[in-house]
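Here are some notes for a colleague who is opening this structure for the first time. They are set out as numbered points, to be read with the model in view.

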Amino acid sequence: MIPDTDKAARELLAFYLEAGVDAPVGEEPVDRFADDITPATSLEGPREPRAPTPSPVEKPRAGAPSLPIVAPPSPDVAAMAAREAVKGIASLEELRAVLDAFEGCALKGTAKQLVFADGNPQAKVMLVGEAPGRDEDIEGLPFVGRSGKLLDRMLNAIGLDRSSVYIANIIPWRPPGNRTPTPQESQICLPFIQRQIELADPDILVCLGGPSAQTLLGIRDGITKARGRWVGYDTGKREIRAMATFHPAFLLRSPLQKRFAWRDFLALKKALAD
């Protein structure tokens, strides 16, 4: 059987086009970053030197409004704006609306949506993590991915569920690629989560993970050393009991640490019974 060379050539050219190869270059490799490319390497032969052509400047269309370029605020200015924004907020619904309109955190521009909270705002227990992940960004709720399912099982083991706790994050927008939020981003969002805790007014605050404990409780020890210890947290209305424990995402990566998290949740159960 004689192969159809024309058909094979067309298919090869189609493959090259799909791969982005749309122009012939040459039979030999050429370093096009070099300053001394000889005429022999060009398919078109030697050229006369010519003066560089200046880059064209796009002129605005007639009648088109000129929009000023606004630089994002510095972290200090953004944090100050956040502190001003939460003053006078009297409800969680109002806080959510103000946070949704806040433009001081650059993470808002890369996230799909605000991830505010889940659960029961009147619950005695409030759990605060670090930041939303991919699944949370899609659904608009905290802790709904793999780590959220583990958190649900941990709560169920001590007789709790999402109707008996209130869940939020330090940062309500997903960082790109699920990266760790910067200290500046945490400080910008800190006034909002502090106000959220004050408005929810829980009896017990549980910080999930080291960044949450460091930001809210001022703990500088690593989470392995800091977990399981009761400390005081001033909500703005009163002082409540607070504790740090492992983040469920960490437990998925380090399952041997689940036994320590189980002890922390048993201590939470005991505190609720007191």
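1. At what angle do helix H2 (residues 75-85) and helix H6 (residues 183-200) pack, and how far apart are their axes? In this model, which is a predicted one, the two helices pack at an angle of about 10°, and their axes lie 7 Å apart. Since angles under 35 degrees count as roughly parallel, H2 is therefore roughly parallel to H6.

2. The residues that make this contact can be followed on both helices. On the H2 side they are Pro-75, Ala-78, Ala-79, Ala-82, Arg-83 and Ala-85, while H6 contributes Gln-184, Gln-187, Ile-188, Pro-191 and Phe-192. Sorted by class, the contact of H2 with H6 has eight nonpolar residues, two polar and one charged.

3. Helix H6 also holds Leu-199, a residue that can be examined for its partners elsewhere in the sequence. When neighbours within four places in sequence are left aside, Leu-199 is in contact with Ile-89, Ala-90, Ser-91, Leu-92, Leu-95 and Lys-237. Of the pair Leu-199 and Leu-95, one can say that 104 residues separate them in sequence, whereas their C-alpha atoms are 9.1 Å apart in space.

4. A second helix pair to look at is H5 with helix H10 (residues 258-273), whose axes come within 10 Å and cross at roughly 50°. H5 and H10 are therefore oblique to each other, and their crossing is right-handed.

5. In the contact between these two helices, Leu-150, Leu-151, Met-154, Leu-155 and Ala-157 of H5 meet Lys-258, Ala-261, Trp-262 and Phe-265 of H10. By class, the contact of H5 with H10 comprises eight nonpolar residues and one charged residue, with no polar ones.

6. The last feature to consider is the largest pocket, which has a volume of about 620 Å³. It is lined by 28 residues, and those closest to its centre are Ala-131, Ser-147, His-247, Ala-249 and Arg-253. The elements that give two or more residues to this lining are helix H4 (134-139), helix H5 (146-157), helix H7 (210-217) and helix H9 (248-253).

7. Which helix gives the largest share of the lining of the largest pocket? That share, four residues, comes from H9. Taken by class, the lining of the largest pocket divides into 12 nonpolar, nine polar and seven charged residues. H5 thus appears twice in this note, as an element of the pocket lining and as a partner of H10.

Terms used. Residues are numbered from 1 along each chain as its sequence is written. This is a predicted model: local features need pLDDT of at least 70, side-chain atom pairs count only at pLDDT 80 or more; totals for chains, interfaces and linings use all residues. Side-chain values use heavy atoms; hydrogens and water are left out. On a 1 Å grid over the protein atoms alone, a cavity is a set of points where a 1.4 Å probe fits but cannot get out, and a pocket is an open set with protein on both sides within 12 Å along at least five of seven lines; lining residues have an atom within 4 Å of a point. Grid points are joined across faces, edges and corners, and a volume is the space filled by probe spheres set on the points. Ala, Val, Leu, Ile, Met, Phe, Trp, Tyr, Cys and Pro count as nonpolar, Asp, Glu, Lys and Arg as charged, and the others, Gly among them, as polar. Axes are lines fitted to C-alpha atoms, for helices over the stretch in contact, and angles run from 0 to 180 degrees between N-to-C directions. Angles under 35 degrees count as roughly parallel, over 145 as roughly antiparallel, 65 to 115 as roughly perpendicular and the rest as oblique. A crossing is left-handed if the near helix is turned anticlockwise from the far one by less than a right angle, and right-handed if clockwise. Contact means heavy atoms within 4.5 Å.
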